[in-house]
Amino acid sequence: MKFFLDTANLADIEEAASWGVLAGVTTNPTLYAREGGKLADFHSHLKRICDIVPGPVSGETVSLDRDGIVREGEELAAIAPNIIVKVPVMPEGLAATKCLSDRGIKVNMTLCFTVPQALLSARAGASYISPFVGRFDDISEDGIERLADTVQSISNYDFGHEVEVIAASVRSANHVVKAALIGADIATVPFAVLKNLVKHPLTDRGLESFLADWEKVKNS
Ligand code: E4P
């Protein structure tokens with residue numbers, strides 16, 4: 001499983017990249033606004049992210065019609081070679097995905113909640129599909145079970161191009177564990193979740209006792 005960060009925070013992206021584990025980033029204008037950013041600067045911010053991240057960086061479109069999404073997608077794709085255009089699953093989004101993928105621009109189809117949405121996204125040419133996990137849990141449904149159905153259904157077919165499933169709307173380390181057991185290709189996680197993935201109380205205790213032993217050995 002590869003790890004993407006779901007953020008617009010440059011410091012967090014730089015830190016995760018410095019650990020050598022960051023394969024990509026997913027972001028959108030809302031996440032950028034949370035960092036105090038203005039919509040007018042979103043593209044230059046994406047460029048800064050692309051300069052840090054050695055992999056795919058998904059930037060979301062905000063248009064609702066095919067031509068608008070395609071126009072935005074082309075503008076986004078011109079920012080950097082590692083940009084992936086994030087498009088919501090809907091009829092106009094599928095039509096735009098077909099146009100963009102025919103032009104060699106990679107699409108991450110987002111807001112995906114069902115197996116048919118995932119299959120249609122792949123058929124329209126999406127290279128990445130983002131089933132949302134946490135938002136099912138928010139309405140007391142099992143997001144992990146839905147993710148498993150999506151991963152299985154995508155792996156059942158050859159779409160003539162590579163399709164990677166991104167476990168999105170990930171809220172906890174447990175979501176990541178379950179997504180890995182299911183075989184999701186990627187998990188896109190907030191930085192707080194990524195930091196939790198590194199930690200375990202027994203690791204902390206092991207380090208403490210190692211350091212205590214080392215002090216004794218050093219001074220003997
Ligand atoms: C990623 O592409 C999604 O936008 C993100 O994971 C959604 O997460 P949320 O449900 O916590 O907003």
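Which residue takes a positive phi just after helix 6? The legends below, for close-up views of a predicted model, take up this question under the end of helix 6.

**Figure 1. Overall view of the predicted model.** The protein has 220 residues, and 46% of them are buried. Its secondary structure consists of 11 helices and 8 strands. Along the principal axes, the C-alpha atoms fill a box of roughly 75 × 40 × 35 Å. Counting contacts between residues at least 6 apart in sequence, 57% join residues at least 24 apart.

**Figure 2. The two ends of helix 6, residues 115-124.** At the start of the helix, Thr114 places a side-chain oxygen within 3.1 Å of the backbone nitrogen of Gln117. Just after the helix comes Gly125, with a positive phi of about 110 degrees; this residue answers the opening question.

**Figure 3. The buried face of helix 6 and what covers it.** Four residues of this helix are shown as buried: Ala118, Ser121, Ala122 and Ala124. Viewed down the helix axis, these buried residues fall within an arc of 160 degrees, so they line one face of the helix. As background, an α-helix has 3.6 residues a turn, so residues three or four places apart point the same way. The elements covering the buried residues include two helices, helix 5 (91-102) and helix 8, as well as strand 5 (107-112) and strand 6 (128-131).

**Figure 4. Surroundings of Ile129 in strand 6.** With a relative accessible area of 0%, Ile129 counts as buried, because the cut-off is under 20%. Leaving out residues up to four places away in sequence, Ile129 touches Ala118, Ser121 and Ala122, among others. These three are also among the buried residues of helix 6. Other residues touched by Ile129 include Asn108, Met109, Cys112 and Ile154, along with Val163, Glu164, Val165 and Ile166. The C-alpha atom of Ile129 is separated by 10.0 Å from that of Pro88, and the two residues are 41 residues apart along the chain.

**Figure 5. Surroundings of Glu60 in strand 3, residues 57-60.** Is the side of the cut-off on which Glu60 falls buried or exposed? Glu60 is buried, with a relative accessible area of 17%. Neighbours within four places in sequence aside, Glu60 is in contact with Thr27, Asn28, Pro29 and Phe42. The contacts of Glu60 also include Glu72, Leu76, Lys86 and Thr110.

**Figure 6. Lining of the largest cavity.** The structure holds 1 cavity of 30 Å³ or more, and about 30 Å³ of space lies in the largest cavity. Helix 8 (residues 143-155) gives the most to the lining, with 4 residues. Among the lining residues are Gly143, Arg146, Leu147 and Thr150, as well as Cys112, Phe113 and Thr114. The lining also includes Pro131, Phe132, Val133 and Phe136. By class, the lining residues are 7 nonpolar, 3 polar and 1 charged.

**Figure 7. Lining of the largest pocket.** This pocket has a volume of about 420 Å³. It is lined by 20 residues, of which Asp6, Asn28, Leu31, Phe132 and Arg135 are the closest to its centre. Helix 2 (29-34) and strand 5 each supply at least two residues of the lining. The lining of the pocket divides into 6 nonpolar, 8 polar and 6 charged residues. Phe132 also lines the largest cavity, and Asn28 is also in contact with Glu60.

Key. Residues are numbered from 1 along each chain as its sequence is written. This is a predicted model: local features need pLDDT of at least 70, side-chain atom pairs count only at pLDDT 80 or more; totals for chains, interfaces and linings use all residues. Side-chain values use heavy atoms; hydrogens and water are left out. On a 1 Å grid over the protein atoms alone, a cavity is a set of points where a 1.4 Å probe fits but cannot get out, and a pocket is an open set with protein on both sides within 12 Å along at least five of seven lines; lining residues have an atom within 4 Å of a point. Grid points are joined across faces, edges and corners, and a volume is the space filled by probe spheres set on the points. Ala, Val, Leu, Ile, Met, Phe, Trp, Tyr, Cys and Pro count as nonpolar, Asp, Glu, Lys and Arg as charged, and the others, Gly among them, as polar. Buried means under 20% relative accessible area, exposed over 50%, partly exposed in between (1.4 Å probe, protein chains only). The arc is that of the directions from the helix axis to the C-beta atoms. Contact means heavy atoms within 4.5 Å. A polar contact is a pair of N or O atoms within 3.5 Å; within protein, one must be able to donate a hydrogen and the other to accept it, and residues adjacent in sequence count only if both atoms are side-chain atoms.
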